[in-house]
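User: I am new to reading structures. Could you take one part of this one and go through it closely, step by step?

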Amino acid sequence: MLSRFCISGSDLGKKFSRERQRKKKSFKEMEAIVSSVLGKLAEYTVEPVLRQFGYLIHYESNVARLNNQVERLNAQRRDVAEKIEAATRNSETILHEVEIWLDQVDRTLRDKDTCFENERTAKAECCSNGWFPNLKIRHSLSRKAKKMAPDVDGLLDKKFEAVACAARHEGASSSQASNIMNFESRKSTIEGVMEALKGNQVNLIVICGMGGIGKTTMVKEVVIRAKKEGLVDEHAKVVVNDKPDISKIQSDIAESLGLKLEEQVLESRADKLFNRLSAKRVLVVLDNVWETLDLREIGIPSGRNSCKILVTSRNQDIFNDMEENRKKFSIGVLPESDAWSLFKKMAGDDIESDPELRSIAEQVLEKCDGLPVAISTLGSALRRKTKAVWNDALRLLQKPFGGDIQGMKKNVYQSIRLSYDFLEREEAKSCFLLCCIFRESTIICVEDLVTHGLGLGVFHRIDSVEGGRDRVEALVDTLKSCYLLLDSDKEECVRMHDVVRAVGLHIASAESEGTFLIRHGVASENWTRGFICTSLTANKSTHELLLLSCTDDEKRSDVDTLGTLYGVEDLKVLDISVPYKGLYTWITFAIMSRTRLESLPVLMRNIQTLCLRGLELRLETISMIGDLRTLTILRLGGSSIQHVPEEFKNLCNLKLLSLADCSELQEISPGVVSSLTKLEELYLWGSFEDWNDVRIIQLSSELLQLPLLTSLETTLSVDILQNSRHLFAKLKRFRLCILKNKRRVPKFLRSIPLYKLPANPRDNLLRLEDLGADCSLLEVSVLLKTTHFLHLGNETLAHPFNVVDAECGGNLKGLTVTDCDALEYLVDLTRAETTPVVFPVLASLKIYGAQRLKEIFHGLLPVGSLKSLRRLIIHRAEELRHVWKTESQFDRLESLTLTDCQSLQVIVAWQESGHHHEEEAKEINFPNLTQLELAELPSLVGICSKKVCKLNFSKLLDLQLRTLPRFSGQWLNGLAPTSNSNDVDVQHLFDPKPKRKLM
């Protein structure tokens with residue numbers, strides 16, 4: 001019993017021990033569960049509470065950090081934008097990733113400005129009683145600042161080695177270049193220059209030859225080839241002339257490279273330029289150099305393995321002190337065979353078919369002395385002329401020439417003079433002589449010819465500015481057809497060969513028969529220091545045109561006044577213009593300081609055109625303008641004008657008023673605009689950036705009272721849309737930004753910067769920003785019929801092109817959609833009774849932000865739609881599943897970029913017809929596609945929804961694929977070169993190999 005009891009006691013002890021261990025384990029488990037629950041409870045209750053309190057506690061630091069980040073981001077954006085502008089001026093193509101980065105920056109800055117308006121920040125400082133902080137608003141702002149900071153950091157971390165790439169050229173930049181540079185006598189020289197560029201022993205290349213021999217034309221061809229062959233990263237071209245201006249040379253080089261030169265001292269500017277030119281492979285072109293320059297003084301490195309320098313000059317002995325690093329190429333006149341080939345191209349092949357005419361043509365050609373400029377001008381002047389005209393030309397060329405132009409053979413003069421004499425219209429001759437008033441090698445703006453020509457009255461039976469512009473365009477075409485004028489690298493500008501200009505000046509000065517008498521360098525030291533003064537006199541009596549053009553920035557910066565002008569009371573045209581750098585100008589220059597104009601002559605009785613651009617204008621001077629009642633054209637672009645006074649109401653004959661780029665303009669006196677009842681053109685682009693909504697509404701309402709207005713560039717309020725149809729219907733030329741609330745749009749987005757403007761100033765541009773949910777595009781449909789470039793930015797805009805008529809959008813060349821997150825379809829063809837051709841001339845379509853976009857084109861696109869589309873960018877379209885439904889829009893597409901579209905599955909969603917089998921192979925052709933970028937597309941499975949599909953990307957050169965987790969490797973057989981990527985299998989298909997970035 002006892003032993004049994006003892007055993008039972010032992011068992012009981014063990015049992016109790018096991019029970020205690022079990023309870024202890026259960027307690028620990030419960031403790032763990034409770035701790036977990038309490039931890040989760042703290043995570044979901046205490047931590048969020050502490051985090052919310054943290055927003056209040058760290059309000060000042062969060063907002064201050066974000067403001068600092070945004071300030072840095074703004075500076076980085078400005079730097080990138082300036083580089084883009086420089087690349088645009090060099091005709092380079094902006095990289096897609098740079099455009100997308102800019103779009104993200106703009107959106108971020110817009111969000112920041114919207115959330116952190118000054119008024120809200122001020123309200124955050126205190127409650128309504130004025131004593132305690134407003135905790136609710138402080139919390140909201142701090143929370144937003146904390147959440148925005150990582151996004152801004154990501155944008156700041158993005159660095160670009162380059163913002164653009166060289167545009168692909170098919171050949172020489174002009175017909176004249178292709179006519180001349182294909183000759184054997186020129187090919188060998190070009191090849192020699194190219195070899196010198198490739199080596200490291202020579203960095204200074206000099207091309208020598210007499211004026212008109214083709215040096216500049218050859219340089220253009222060399223630059224194109226150097227960029228195409230990848231020999232240089234960047235290039236800068238400067239025209240030097242016989243009186244070199246070191247400061248201007250520095251500014252022109254810096255502008256081409258996107259470099260800021262804000263320093264006043266030449267040595268400091270040179271050091272900065274030197275460092276920039278030493279950093280990359282840069283080709284510096286110094287055109288028309290007359291004497292040896294001190295390259296170090298300019299800031300151009302000249303030792304071996306430095307940047308390459310290409311010089312053109314008439315001086316054979318130039319840069320003799322640099323023989324060790326110099327390579328010289330001399331260009332002579334064209335040999336007889338090449339000269340005949342060029343002459344035949346200019347005059348026409350029929351000069352060979354008639355033996356008698358050929359004999360005369362050979363004698364005429366002999367008088368050109370093998371000089372390309374003389375051959376081109378005279379040959380084109382005699383094109384399709386009768387034998388009698390050819391004989392008369394030969395007799396004129398054989399007459400003795402009594403005049404003398406230094407450095408020019410008499411036969412060359414007579415050849416060019418004959419081209420001038422053969423101009424059938426006197427207006428064409430006047431336009432040619434008018435071009436001679438501009439400085440040698442200067443780019444001539446066609447708009448200057450319009451305003452100056454109208455002021456002088458050289459155009460017959462023209463009663464409107466637009467009519468004068470059309471007449472000048474026709475005359476310029478006539479002069480270019482006979483090579484008396486040449487194309488410029490800039491749109492709506494021309495240039496004149498210096499040899500042709502010398503002949504024109506001789507005609508206008510020494511042989512004037514009463515049309516024009518042009519005098520350069522008019523002596524008037526009292527008020528023209530730092531300027532060249534050109535006068536134009538009619539009938540050798542009174543001055544009718546006075547043109548003061550800036551010569552030297554450094555000298556002019558020492559003079560802050562032009563003084564008072566005297567002796568010019570009978571002027572019809574007065575142009576005092578200082579180059580200025582405006583954000584929205586077509587031709588921009590660097591300027592270190594404004595020049596002040598003290599006064600204007602009181603008795604300018606006949607003044608028609610007054611141009612005072614880039615000047616500092618005193619209030620008294622501005623008021624005096626109001627007394628010039630005969631004035632028809634007034635251009636004050638880039639000036640310091642702050643207030644348009646009531647005296648401007650006296651300008652009852654004014655037809656054109658330009659206040660573009662007047663960034664200091666604060667106010668236009670009420671009633672001034674509406675009183676200018678004869679006004680046809682008004683330009684305010686880039687002005688009144690700080691105007692409030694009330695002033696914009698006032699200006700907008702006054703514009704409705706101008707019965708003759710046909711050209712308008714300004715910002716308008718959306719409030720006038722309902723009453724503006726009559727105004728819009730009259731506009732032939734416009735650049736308009738229409739918005740609802742200016743305060744919500746960041747300052748730099750209220751107008752469109754230079755690099756986003758259309759290349760041709762005649763193209764109409766319309767920007768619609770923040771119109772509000774109650775506004776539709778129907779109210780601006782009359783503008784859309786003639787709009788060439790359209791920018792849409794409206795978060796609440798849902799139906800932009802849902803009602804499409806036969807004309808709406810028919811002239812669009814470029815369409816940009818930004819932050820239209822309510823948009824479901826760009827075009828809804830299912831709502832139209834008759835389906836017109838959609839966007840037949842559209843070349844560029846860019847969509848940056850359309851989160852609800854389901855389809856770009858809803859419904860079947862008719863044949864002929866998008867037939868001109870060359871570039872397509874879609875970024876951040878969250879619900880978009882495909883881009884196209886058919887292959888008909890691929891024919892001319894050259895560039896396709898699709899990024900950050902979370903739902904995009906295929907590019908082409910093929911629509912099957914009833915008689916096709918699923919297994920039937922389809923072929924998709926992108927015959928002209930050279931660039932393809934697909935990035936951040938997590939749902940993309942392939943190019944086409946069709947399982948059996950053959951791809952043809954025969955011209956693809958640049959392929960970028962990033963973050964495509966579901967993209968099938970079978971599609972890459974038609975796309976990519978070899979790759980080491982683990983995600984895709986890529987094979988060789990094309991030669992040359994495309995550039996690739998696979999990540």
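Analyst: A residue counts as buried when its relative accessible area is under 20%. The model is predicted. Cys-820 has a relative accessibility of 1%, so Cys-820 counts as buried. The same cut-off applies to Cys-436, which has a relative accessible area of 0% and is therefore buried.

Cys-436 also raises the matter of disulfides. To count as one, two cysteine sulfur atoms must lie within 2.5 Å. For Cys-436 the nearest cysteine sulfur belongs to Cys-435 and is 6.9 Å away, and Cys-436 is in no disulfide. By this rule the model has zero disulfides.

Cys-435 leads to the part to look at closely, the packing of two helices. Two packed helices are described by the angle between their axes and by the distance between those axes. Here the helices are H18, residues 426-435, and H19, residues 446-456. Their axes are 11 Å apart, and the angle is about 115 degrees. The crossing of H18 past H19 is right-handed.

Which residues of H18 and H19 make the contact? From H18 they are Cys-431, Leu-434 and Cys-435. From H19 they are Leu-449, His-452, Gly-453 and Leu-456. Sorted by class, this contact has five nonpolar residues, two polar ones and no charged ones. Gly is classed as polar, which is worth knowing when Gly-453 of H19 is sorted.

Notes
Residues are numbered from 1 along each chain as its sequence is written. This is a predicted model: local features need pLDDT of at least 70, side-chain atom pairs count only at pLDDT 80 or more; totals for chains, interfaces and linings use all residues. Side-chain values use heavy atoms; hydrogens and water are left out. Axes are lines fitted to C-alpha atoms, for helices over the stretch in contact, and angles run from 0 to 180 degrees between N-to-C directions. Helices (H or I, at least four residues) and strands (E, at least two) are DSSP runs, numbered from the N terminus. A crossing is left-handed if the near helix is turned anticlockwise from the far one by less than a right angle, and right-handed if clockwise. Contact means heavy atoms within 4.5 Å. Buried means under 20% relative accessible area, exposed over 50%, partly exposed in between (1.4 Å probe, protein chains only).
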